[in-house]
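Here is a walk through one protein chain, from a few single residues to the fold as a whole. Keep the viewer open as you read.

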Amino acid sequence: MSDRSPLEAEIRRRITTAGPMPLAEYMALCLLDREHGYYTTRDPLGTRGDFTTAPEVSQMFGELIGLWAATVWTQMGAPENVRLIELGPGRGTLMKDALRAVQIVPEFHSAVVAHLVEISPVLQAQQEKTLEDAGVTIFWHAKLADVPAGPAIILANEFFDSLPVNQAMKTDRGWHERRIQSDASDQLAFTIAPEPLPFFQTLLPAQSSTACAGAIFEWRGDTEAMEVGRRVADGRGAALVIDYGHLESGIGETFQAVGQHAYADPLTAPGALDLTAHVDFQALSRAIEAIGAKRFGPIEQSQFLRRLGIEQRAASLKAKAARADDIDQALARLIGRERTAMGELFKVAAFVHPSIGTPPGFEASAS
């Protein structure tokens, strides 16, 4: 069909050549293809984009994260040169607000060298513009492993949910990898591999033993999580992960597509929709802790931000703002528990070198 995008044509070519495509490969192509991928070719954020992240909701979010990092830096022993690393920095808004806030801790601000891990040329250009007056040295990298070794504080807000996810489906014969094919009506559609995955049941959570035929299990590779753990352990540093997801590994499908702030069919318009899946915090934590980091949380975003003082910060801003209602609405979006808010759905976990102690926001939930 002539109206197919170049990326859909490439996906169909690969399916014709190699057979049904694993979901993780499909997701990686849709998001990261150098010429036609969703993240590599556009700015997806804001009201004119497809979704809005917490830093874009209010300056309060980035400010509190910045002060969190400054406190952790003190707990690290205040190293003279600390790498403040952000994974998937969006427009650079979180980093901008964080660096502005920590000007009240001039020793930390002076010690910071910012490292942004970004694969999108479009977003990197936006970040350069946003951070042109940040007052710190900034470097960009394609992956975390490229950041120079040394003391590091890593920030990952809505990063892990966008990493490619694998799926398996249960049948009477076992668990089969879920794949993408072209169906009888020439539409992209889900299918499963003909043979079950060997010994796959040994990797599943306990409740999988009662799963019915048709049940879905999702998992991600551990490469990025283990690299976070390595940086924390080797650099005697810390990482803060904020994302939507579930606390324990479980059965169920969360793979989804969003376009223009609405849910969409993930198998339509490859490269034009944001594809994500919920973060399995238990699996993520296991991979990071395996390298030597100590975990705190995860706790709900509402609890974390309240402990950092977001309500007091909101009151302070309202005292100076022309439109206090805007601040109230932003606060409700960040810490509210209703379906459209972030407070309950989003979870926060910290991973630190054992020498650091309990990081801010986790004092009452030390593990």
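## Starting at proline 121

In which helix does proline 121 lie? The answer is α7, which covers residues 121-130. Bear in mind from here on that we're looking at a predicted model.

Is proline 121 buried or exposed? With a relative accessible area of 56%, proline 121 is exposed, since the cut-off for that label is over 50%. If you want a sense of distance, pick arginine 333: it sits 212 residues from proline 121 in sequence, and the two C-alpha atoms are 30 Å apart.

## The whole chain

Zooming out, the protein chain holds 12 helices and 16 strands. Its C-alpha atoms fill a box of roughly 65 × 45 × 40 Å along the principal axes. The radius of gyration is 21 Å, which agrees with the value near 21 Å that a compact globule of 367 residues would have.

How much of the chain is buried? Buried residues account for 54% of the 367. Take the contacts between residues at least 6 apart in sequence, and 76% of them turn out to join residues at least 24 apart. On the outside, the accessible surface comes to about 16500 Å², with 52% of that belonging to carbon and sulfur atoms. As for charge, there are 34 positive and 46 negative ones, and their mean positions lie 2 Å apart.

## Helix α2, on the inside

Now go to helix α2, residues 23-32. Why call this helix largely enclosed by the rest of the structure? Because 7 of its 10 residues are buried. Those are Leu23, Ala24, Tyr26, Met27, Leu29, Cys30 and Leu31.

What do they pack against? One partner is a helix, α1 (6-18). The others are strands: β1 (21-22), β6 (166-171), β7 (174-182), β8 (188-192) and β13 (274-276). As background, an α-helix has 3.6 residues a turn, so residues three or four places apart point the same way.

## Serine 249 and its company

Serine 249 lies in the loop between β10 (238-246) and β11 (256-259). Despite that loop address, serine 249 has a relative accessibility of 10%, so it counts as buried.

Which side chain does serine 249 meet in a polar contact? That would be aspartate 280, at 2.7 Å. Aspartate 280 also shows up in the list of residues in contact with serine 249, once neighbours within four places in sequence are set aside. The rest of that list is Pro205, Gln207, Gln282, Ala283 and Arg286.

## Two more residues to click on

Threonine 137 is in strand β4, residues 137-141. At 43% relative accessibility, threonine 137 is partly exposed. Beyond its neighbours within four places in sequence, it is in contact with Val113 and Ala114. The C-alpha atoms of threonine 137 and alanine 114 are separated by 6.2 Å, with their positions 23 residues apart along the chain.

Alanine 233 belongs to helix α8, residues 223-234. Its relative accessibility is 19%, and it counts as buried because the cut-off is under 20%. Leaving out residues up to four places away in sequence, alanine 233 touches Ile291, Gly292 and His353. Lysine 294 is 61 residues from alanine 233 in sequence, and 9.0 Å away from C-alpha to C-alpha.

## Backbone details

Where does a cis peptide bond turn up? Look between glycine 297 and proline 298, where omega is about 5°. Proline 298 is part of strand β15, residues 294-300.

Two residues are worth a look for their phi angles. Glutamate 158 isn't a glycine, but its phi is positive, near 50°. Glutamate 158 is placed in the loop between β5 (152-157) and β6, and at 18% relative accessibility it counts as buried. Phenylalanine 199, again not a glycine, has a positive phi of about 60°. You'll find phenylalanine 199 in the loop between β8 and β9 (216-219). Is phenylalanine 199 buried or exposed? At 65% relative accessibility, phenylalanine 199 counts as exposed.

Methods
Residues are numbered from 1 along each chain as its sequence is written. This is a predicted model: local features need pLDDT of at least 70, side-chain atom pairs count only at pLDDT 80 or more; totals for chains, interfaces and linings use all residues. Side-chain values use heavy atoms; hydrogens and water are left out. Helices (H or I, at least four residues) and strands (E, at least two) are DSSP runs, numbered from the N terminus. The radius of gyration is taken over C-alpha atoms; the globule rule is 2.2 Å times the number of residues to the power 0.38. Buried means under 20% relative accessible area, exposed over 50%, partly exposed in between (1.4 Å probe, protein chains only). Contact means heavy atoms within 4.5 Å. Accessible areas come from the Shrake-Rupley method with a 1.4 Å probe; for residues, only the protein chains shown count as cover. Lys and Arg count as positive and Asp and Glu as negative; His and the chain ends are not counted. The place of a charge is taken as NZ of Lys, CZ of Arg, CG of Asp or CD of Glu. A polar contact is a pair of N or O atoms within 3.5 Å; within protein, one must be able to donate a hydrogen and the other to accept it, and residues adjacent in sequence count only if both atoms are side-chain atoms.
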